[in-house]
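This report follows a single protein chain through its helices, salt bridges and backbone angles. Please keep the sequence and the model open while reading.

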Amino acid sequence: MASTVHDDTQAMAEINVTPLVDVLLVLLIIFMIAMPMMTQRIPLTLPQPTPPPPERVEPLRLRVESGDLFRLDGRPMSRPQLQLAFEEASARDAGITIALSVDRDAEYQSVVDALALAERSGIDQFGLSPE
């Protein structure tokens, strides 16, 4: 019997391409199946642009001074006039605010009465204004 002797010192230079072709065919089939799914339209409800914020209204500037004196935006007022002015302002704009400043010598009860008049008129937003 004749036998062939192979030299094991030489490296084999051939590459087996069959597994590579199998992998490429599987990927091709996957992409062919997945492509129609990617082109379907999905119904979406997109958010609409928000309307611009309402114009900012200047707050009413109420100053309570000693001697039971009230000044609304610089005009001196009595309690009934103050109540009427608060009602008119609340009718014009429901979200109006009052910037309150209090004189150092003013009575506490005058401040409480002024805020109670405003609350009865429908104004429930107050802020303190520094002097």
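## Helix H3 and its surroundings

With a relative accessibility of 56%, Asp124 counts as exposed, since the cut-off for that class is over 50%. This value, like every other one in the report, is computed from a predicted model. Asp124 sits in the loop that runs between helix H3 (108–120) and strand S5 (125–128). Its C-alpha atom is separated by 18 Å from that of Val64, a residue 60 positions away along the chain.

The helix that precedes this loop can be checked against its expected length. H3 has 13 residues, which at 1.5 Å a residue should span 18 Å, and the C-alpha atoms at its ends are indeed 18 Å apart, so the two values agree. The buried residues of H3 are Ser110, Val111, Ala114, Leu117 and Ala118. Viewed down the helix axis, these buried residues fall within an arc of 125°, and therefore they line one face of H3. The face turned away from that buried side carries the exposed residues Tyr108, Glu119 and Arg120.

What do the buried residues of H3 pack against? Their partners are strand S1 (60–65), strand S2 (69–72), helix H2 (79–92), strand S4 (97–102) and S5. Ser110, which belongs to helix H3, gives an example at the level of single residues: leaving aside residues up to four places away in sequence, Ser110 touches Val64, Asp68, Phe70 and Arg79. Ser110 is classed as buried because its relative accessible area is 3%, where the limit for that class is under 20%. Just after H3, Gly122 takes a positive phi of about 100°.

## Salt bridges

The count of salt bridges in the model comes to six. Three of them are set out below, each with its N to O distance.

| Acidic residue | Basic residue | N to O distance |
|---|---|---|
| Asp103 | Arg63 | 3.4 Å |
| Glu65 | Arg71 | 3.2 Å |
| Asp113 | Arg79 | 2.7 Å |

In the bridge between Asp103 and Arg63, the closest N and O atoms are 3.4 Å apart. Because Asp103 lies in the loop between S4 and H3 while Arg63 lies in strand S1, this pair ties together parts that are 40 residues apart in sequence. Asp103 has a relative accessibility of 22% and so counts as partly exposed.

The side chains of Glu65 and Arg71 meet at 3.2 Å, N to O. Is each partner of this bridge buried or partly exposed? Glu65 is buried, because its relative accessible area is 17%, whereas Arg71, at 28% relative accessibility, counts as partly exposed. Taken together, Arg63, Glu65, Arg71 and Asp103 are linked in a network of salt bridges.

A further bridge joins the side chains of Asp113 and Arg79, with an N to O distance of 2.7 Å. This pair links distant parts of the chain, since Asp113 is in helix H3 and Arg79 is in helix H2, 34 residues apart. Asp113 counts as partly exposed at 21% relative accessibility, and Arg79 is also partly exposed, with a relative accessible area of 27%. Arg79 appears as well among the residues that Ser110 touches.

## Backbone angles in two loops

Most residues other than glycine have a negative phi. Against that background, two aspartates deserve a closer look. Asp68 has a phi near 55°, a positive value in a residue other than glycine, and its place is in the loop between S1 and S2. With a relative accessible area of 33%, Asp68 is partly exposed, and Asp68 is one of the residues in contact with Ser110. Asp73 likewise has a positive phi, of about 55°, although it is not a glycine. Asp73 lies in the loop between S2 and strand S3 (75–77), and at 41% relative accessibility Asp73 counts as partly exposed.

## A nonpolar patch

Which residues make the nonpolar surface patch of about 670 Å²? The patch is made by Leu20, Val23, Leu24, Val26, Leu27, Ile30 and Phe31. One of these residues, Leu24, is found in helix H1 (residues 18–38).

How values were computed
Residues numbered from 1 in each chain as written. Predicted model: local features only at pLDDT ≥ 70, side-chain atom pairs only at ≥ 80, totals over all residues. Heavy atoms only, no water. Patch = residues over 30% accessible without salt bridge, like charges linked within 9 Å, V, L, I, M, F, W, Y side chains within 5 Å. Areas by Shrake-Rupley, 256 points an atom, 1.4 Å probe, with all protein chains shown as cover. Salt bridge = Lys/Arg side-chain N within 4 Å of Asp/Glu carboxyl O. Helix = DSSP H or I, 4+ residues; strand = E, 2+ residues; numbered from the N terminus. Buried < 20%, exposed > 50% of the residue type's maximum accessible area, 1.4 Å probe, protein only. Expected span 1.5 Å × (residues − 1). Arc of directions from axis to C-beta. Contact = heavy atoms within 4.5 Å.
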